[in-house]
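Subject: Structure handover

Hello,

Here is the structure you are taking over. Please have the sequence and the model open while you read the notes that follow.

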Amino acid sequence: MKLRKKLNNYILGLSLKKKMMLLFVFCVLIPLFVTDSIVFYNLYKVNKITKEQELRSDAEAIKYRLIDGLNYPSKIIQNIYKNSEIEDLLNREYYDPLDYYISYMDFKQNSIYDSWLGLGNETLEVYADNDTILNGGMFYKLAPVRDEAWFKKLDEREGIVLSFEFSKAPTEAYSERKILLMRKMEMARKNRVEKVLKLTINYKAFQNSLFNEGIESDVYICQGDKLVMTNVGGTHYREAYKFFDKKIRYDYKYDMNLYGDTYTIYLKRSNLGIWMLDLKSTIIVLILLIGSILLPLYMIKRLDYSVTRRIGVLDNLFEDAKSERLTKISDIEGTDEISSLMTNYNVMADRMNDLIQTVYVDKLKRQEMDIARQNAELLALHSQINPHFLFNALESIRMHSLLKDEEETAEMVEHLAMMQRVNVDWQSDIVSVEKEMKFIEAYLKLQKYRFGDRLSYSVDVSPSCYDVMVPKLFIVTFVENACVHGIESKTEPGWIFVRIYDTEDEVIFEIEDTGIGMDEEMKENLLFKMNNASLELIKMGRSVGMTNACLRLKMITEDKARFDLETEPGVGTIVFVAIPKNLDN
C-alpha cells in the first residue's frame, strides 16, 4: 500500500509529456521489444531449418547426379566384362602380327566394336597380358601399365573401381584430370589371360553436367582429404588435384559410398551463412523494429500535440479569468473530450461576457432597440394602410358601376380586387391547388374581357389534386406567359388549356396554348432556365417570373420537380411540370 501510494504521488507529480513517455516505455516499447525478439528468434530458427533443408536437397541432388552420371559407363563395363568374343580374341596366342590383325578385323566386323569406340565423353581401353597382340583400337598390352597408380589401385580391389586421376604431360596444356572406371575380366576359361577394362570419362564434361543448374551452394566433393571436384573457381581440369582446405567453414556435410569408397560432400552457402537471415526475413525484421519504435514515438508526439498543447491553452485562458472580459478560443480542433471542454469553455465565456454586457452596455442598446422597434411598427402600419385604401377604392368603383347597371365593369373590378388581395397577402408562400385555381380563373376572366373572342380557355383539374400544395402564383405565372407571349402576338383566335392530374407517383401540371410557339433556340434557352432556376438567373433580369416560379417549386420539392417543354412555331406551346406526391411541405 505504501509503495502504491508513493508510486501514485510520483506519477501525479509528473507532467503530461513525461507521463506519456512513461506509458510508451512500459506499455509499448518493452512489450514490443520482447515480441520482436521472439519473432526474430522464430524467424532465425525457421530460416536455419529451411537453409539446412535446401543444403540437404543440394547434397542429395549431387549424389544422384554422380550415380546417374556413372551409371551408363558402368553398364558398358558390365557388358564388356561378360563378352565372350573379347575373351576369345585376347586369350589366343598369335603366330605373328598378321595373324592378330586378321582375327582383330574379323572380331570388329562381327561385334559392336564401332559403338564402343563412339561413346562420346568416354574412352574404353582393354588391357591383356598377351604379348602376341598389337596395341591399337581399344586393345593394349598389359605389361607397360602394371606400374601405373591406377593399375595398382585396381589390383587391390574387386569389382568396378572408381578413381580420379591426373595425367601428367610434357607440357601443361596436355595435362588434365580424368575419371576412371576399371575392372578386371576374370571369366573362368581355359588358357585364361589376365585382362583389365579401363573406361576414361571426360572430367570437364562430367563436372559441367554435375553442376549445370539448380545448385546455388558452394560444393566441395572430397575423397578423404583429396578435393576431387568443386564448382568454386572454374573446372580446374588442367590442374592437379588438391587437398581440401580444412579452414573453409562449410554449412553442411554429407557422406556417401560410391564403388566401395567413401566420398564426402561439403556445402557452403554462396551468399550468406546459414545462421543469417535471408533478404526477405531481414526486411521483415527491420520493418518490425522500425515500426515498433518510430510509429509509437510518432503517436506519442501526436498525442502530446493533441492533449498537452490544448490543455496548456485552457490553462493559460483560465489564468486570465480575473480580467473584465474572457477571451474565447478561436480555433477548436478535434471532436474529443478536450475539444468538448474547449467548446464548453467558449459557452461559459459567452455567458460571462453576456452578463458583463448586460450590466455595462445593454441599458443603452435596449433603449436604441426600443426606438428602432417603434419605428418598424409604424412602417408596418403604413404598409398595411395603403392596400386597404386600394381595396376600398376598388369596392367603391364596383358599387358605382352596379348602380349604373355596368355589370361587366363591376365584375372586372371584383376580379381585380380578389387578385390584388391574393397578391398582397404573403403570410404564406404555399397554397392549395384549389385556391390557386380561383386566382387563375379570375385572371383568365380578366384576360377574356381584354381579348374578347380571340381568347378561349379550358380548366380541367382532377378532384384528387385540389389539396396539393404549391408555391403561391406558381401556375398563374405559366398561364400569364401563355397569354402574353402566345395569344397576344397572334391575330387569330387561340386557346389556353390548364390541366392538372395525378399519376401513381406524381402530380402533373400542363399549361398549353395555341399561340405563335417558339423556335428551337428559344425553347432550349427557356427550358435551361426552368431546369436550372437560381437566384443568379433571377438577378440577370430576363424571364424573371417563370424562373422565380420554378426556383420556388424546386425549393419546396427538394429539387425533385421536373420541367419539360414542347413547342412548334405557329402551332403553340405545352409546358409540363411534374412534382412528387406526399411531399412534407
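A residue is called exposed when its relative accessible area is over 50%, buried when that area is under 20%, and partly exposed in between. Please keep in mind that this is a predicted model.

Surface patch

By that cut-off F26 counts as exposed, because its relative accessibility is 55%. F26 lies in helix α2 and is one of the residues of a nonpolar surface patch of about 880 Å². The other members of the patch are L7, Y10, I11, L22, I30, F33, V34 and I38. Two elements, α1 (2-12) and α2 (16-81), each give two or more residues to this patch. Which of them gives the largest share? That is α2, with 6 residues.

Sheet with antiparallel pairing

One open sheet has 5 strands in the order β8-β7-β6-β10-β9, and its pairing is antiparallel. The edges are β8 (242-243) and β9 (252-258); each has a single partner strand, so one side of each has no neighbour in the sheet. Inside the order, β6 (residues 218-223) and β10 (residues 261-268) are joined by 5 bridges in the antiparallel sense. As an example, V219 has L267 of β10 as its bridge partner. Helix α7 (residues 203-210) packs on this sheet, where it touches β6 and β7 (226-230), and its direction is at about 65 degrees to that of β7.

Sheet with mixed pairing

Another open sheet of 5 strands follows the order β12-β14-β15-β17-β16, with mixed pairing. Here β12 (455-461) and β16 stand at the edges; each pairs with a single strand, so one side of each is left without a neighbour in the sheet. From one strand to the next, the twist averages 10 degrees.

β12 and β14 pair in the parallel sense, over 7 bridges. In β14, I496 is the bridge partner of Y457. Two helices belong in this picture. Helix α13 (residues 474-487) lies across β12, β14, β15 and β17 (572-580), and runs at about 155 degrees to β14. Helix α14 (residues 520-531) packs on the sheet as well, touching β16 and β17, with a direction at about 165 degrees to that of β16.

Salt bridges

How many salt bridges does the structure hold? There are 11.

Some of them involve the strands just described. R499 forms a salt bridge with E512, with the closest N and O atoms 2.5 Å apart. R499 lies in strand β14 (residues 494-502) and E512 in strand β15 (residues 506-513), so this pair ties together parts that are 13 residues apart in sequence. R499 counts as partly exposed because its relative accessibility is 23%, whereas E512 is buried at 19%.

R562 and E506 also meet through their side chains in a salt bridge, at 2.8 Å from N to O. Since R562 lies in strand β16 (residues 562-568) and E506 in strand β15, the pair ties together parts that are 56 residues apart in sequence. R562 is partly exposed, with a relative accessible area of 45%.

Buried or exposed: which applies to D559, and which to K554? D559 is exposed, because its relative accessible area is 52%, and K554 is buried, because its value is 13%. Their side chains meet in a salt bridge of 3.5 Å, N to O. Finally, D129, R146 and E194 are joined into one network by salt bridges that share partners.

Regards

Key. Residues are numbered from 1 along each chain as its sequence is written. This is a predicted model: local features need pLDDT of at least 70, side-chain atom pairs count only at pLDDT 80 or more; totals for chains, interfaces and linings use all residues. Side-chain values use heavy atoms; hydrogens and water are left out. Patches are made of residues with over 30% relative accessible area and no salt bridge: like charges are joined within 9 Å, nonpolar side chains (Val, Leu, Ile, Met, Phe, Trp, Tyr) within 5 Å. Accessible areas come from the Shrake-Rupley method with a 1.4 Å probe; for residues, only the protein chains shown count as cover. A salt bridge is a side-chain nitrogen of Lys or Arg within 4 Å of a carboxyl oxygen of Asp or Glu. Helices (H or I, at least four residues) and strands (E, at least two) are DSSP runs, numbered from the N terminus. Buried means under 20% relative accessible area, exposed over 50%, partly exposed in between (1.4 Å probe, protein chains only). Two strands pair if DSSP finds at least two bridges between them. Contact means heavy atoms within 4.5 Å. Axes are lines fitted to C-alpha atoms, for helices over the stretch in contact, and angles run from 0 to 180 degrees between N-to-C directions.
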